[in-house]
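Here's a quick write-up to go with the model you have open. Pull up the viewer and follow along.

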Amino acid sequence: MAADNRYEEEEEVRTDDGSPITKPRPIVRLGIFLVAHSPVFSVVFSAAGVLALLLLPLLAKNTYISENALMPGSARSMLSNRDASDGSKLVKDIKNFRLNHEGQGVEVQRLIGKYMSEMVAEVYYQKFQPEGNQFHPLHFFSGPASYTLLGNVSCASYGVNVVGIIRAPRGDGKESIVLVTPYDFINGGDYEDLSLGIVSSLFSLLSRVTWLSKDIIWLVADSRYGDYRPVAAWLAEYHTPSFKVSDLLKCDELNTADNFRRAGTVAAALILKVDGRSERFEDILSIYADASNGQMPNLDLINVVNYLAVHRQGFHVKVEKVVSLLSSSWLKIVGEIFEAVGKVANTLNPDWKFGIPAAEYIEGSATLASSLYSQALGIPTGPHGAFRDYQVDAITLKISPGFPPDSKARQHDFFLRGSQLLEGTIRSVNNLLEKFHQSFFLYVLTSPSKFISVGVYMIAFALLVASLPMVAASLYVDGCKALTKSTHNSAENFKSWKWLDAAKQVFALHLLGFIVTLLPYFICQVPGQHSPRNRSIMWGTTSSLLLVTFVTIPGCSPFSSRLHGTNWAILKSVTISAAFIGLCLMSIINFATAEIGALLLVPTCLLAQPIKPALRSRRVKSLLGAFCSMVLVTIGFPVIFFAITKGLVGEGLVGLSLGGEFWTWLESLWAWKSATYLYIGMVHLPCWLLCVCILFHPS
């Protein structure tokens, strides 16, 4: 009987001529099912991606110390009142000197160097030139040591860094920890003096301790040209020494020639700034960690500082937020919904820890939005970004004291607490036998003590882009069927290379995007002084002329698709494929840029369709789809989205000033070599133009 059943099954899987028919694998059948129902699944996946993004604040975990060797707070602080008094003495001497010798920056540098020498530190001075801000395409992917220096720099315009090194009594000179205090030697303020006082108090202690196994470098960075440039110049000389004779030697007032000293490999760096008075009555510590192109330091470094600041020194720790979201009504509604769902889930099962209070959700969302925005820009939020270019973990600590800078009673206690915070952090890093590696490097913060790891936040992006390949395959099949009806040869059409016409048109517009990306270099070469608004007008005019030229080239214009036998469905299929590839590549470089880009580009590509058939049919559904497509295309234009973003943060821009602000924003992107600039010009803009071509396709 069993033999008969097997014989019947074999008969069922054979054709008339006896050849066997192979059944497709389950994964193939699943793919065919998804492609056949792509409209439904595209809506489901897109909605799930947005929902997953809204759920991220609820899925945030509490931070924890992954590396056991760090042991923050395990040792008692050795900082004494004498050390704090040394810091207060330095601040007092600098203030008195500035009152009697206004504008004498060199003397202030000598004074700081003198204090370092009295603490048995090796002192030297490093000179650097201000950096230019000119866009050059060949330097975009160059290393961190390549800088554009301004020509004809006078002796009065160079910067001078003061550096002191304490050699570790228990070390072999192979590792070091860097402390940075940006300071304007010419126009330094009272709050900048406080940052020198804190680090000077700590430096006084570290010069006497016996437990140090890593050298300590104190860099007083000349911040006349910004906080980033002096640190980057010092790091460039530290890692890649230059042996050519500098023109700055003729301005050698501090004897800086051939005395650059080095310590070991930098294990970690802490940048300290005291910036203005706190709005509260308590001292506030702000942590800045975002480096170039979304790079972040190891999470353990932030966790150590946060733990010591909160549980040992009593600072109120915060990270940046999008303030406008704190008063958002729609975000409050979403938070209340999630809070209610969490309460219901808790009644069903007390072990389900799902919901959080609505106020905490709003705070987490505002912090998450700020973290995503900062990482997407790809611009460092402080001088710590210069260290990350050399794969050194670094953060910027900005302290806002709750008292005026001339308050002597509070200043001594402030120096003690600030120095003890840095001492505890240095003790933890000093315990490490290797680089930070245990905790996360890919994460976003929702508060100083909560984070979202890469395995969680990638889910939202994956759901958003999951529908793109399905819709692309479905459109290709529909396009081939449309060609079949016109040629009555289905086998030939499915095996033909008709999609190459659409691919050629997509490639042409991506080539146009590449050229538009390079245009700022040539615009910057135009002689004369031009305002950002005028440069943005030149850029827009030239780009428009190039677009008209590309459209008139036979075979390159998407508007000529009908003449070449390619319908809009195949063009849209190739466009979606290009957008999918671009977004996936960008997610490897900078996830935040890919996430924001997917929120804009995915619905625009999915809903793009010719509006002529919708206008001819006059059906409500078709007209509504055409209207949504037009709205998404309008919002997706980079300049319009930039204006909307500015409006959300309370900076309204209208008229020609928008173009000038947009140019200035792009200048900042290419100056910091942000990959977001390449994404806008070579992925987003071409796909946006293709969606516009699909909207006005002559079908």
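What follows covers one small sheet and then one acidic residue. Keep in mind that this is a predicted model.

Start with the sheet. It is an open one, built from 3 strands in the order β1-β11-β10, with antiparallel pairing. At the edges you'll find β1 (61–62) and β10 (443–447); each has a single partner strand, so one side of each is left without a neighbour in the sheet. Helix α10, covering residues 358–377, packs on this sheet and touches both β10 and β11. The direction of α10 makes about 145° with that of β10.

Now zoom in on how β10 meets β11 (residues 450–453): the two run antiparallel and are joined by 4 bridges. If you want a specific pair to click on, take Val 444, whose bridge partner in β11 is Ile 452.

Next up is Asp 222, which sits in strand β5 (residues 215–222). Is Asp 222 buried or exposed? Its relative accessible area is 0%, so with the cut-off for buried set at under 20%, Asp 222 counts as buried.

Which atoms does the side chain of Asp 222 reach? Here are two polar partners with their distances:

| Side chain | Partner | Distance |
|---|---|---|
| Asp 222 | Val 160, backbone nitrogen | 3.1 Å |
| Asp 222 | Arg 224, side chain | 2.9 Å |

Leaving aside residues up to four places away in sequence, Asp 222 touches Gln 109, Phe 128, Gly 159, Val 160, Asn 161, Tyr 183, Phe 185 and Pro 230. Val 160 thus turns up both in that contact list and in the table, through its backbone nitrogen.

Key:
Residues numbered from 1 in each chain as written. Predicted model: local features only at pLDDT ≥ 70, side-chain atom pairs only at ≥ 80, totals over all residues. Heavy atoms only, no water. Pairing = 2+ DSSP bridges. Contact = heavy atoms within 4.5 Å. Axes fitted to C-alpha atoms, helices over the stretch in contact; angles between N-to-C directions. Buried < 20%, exposed > 50% of the residue type's maximum accessible area, 1.4 Å probe, protein only. Polar contact = N/O pair within 3.5 Å; in protein donor to acceptor, adjacent residues only side chain to side chain.
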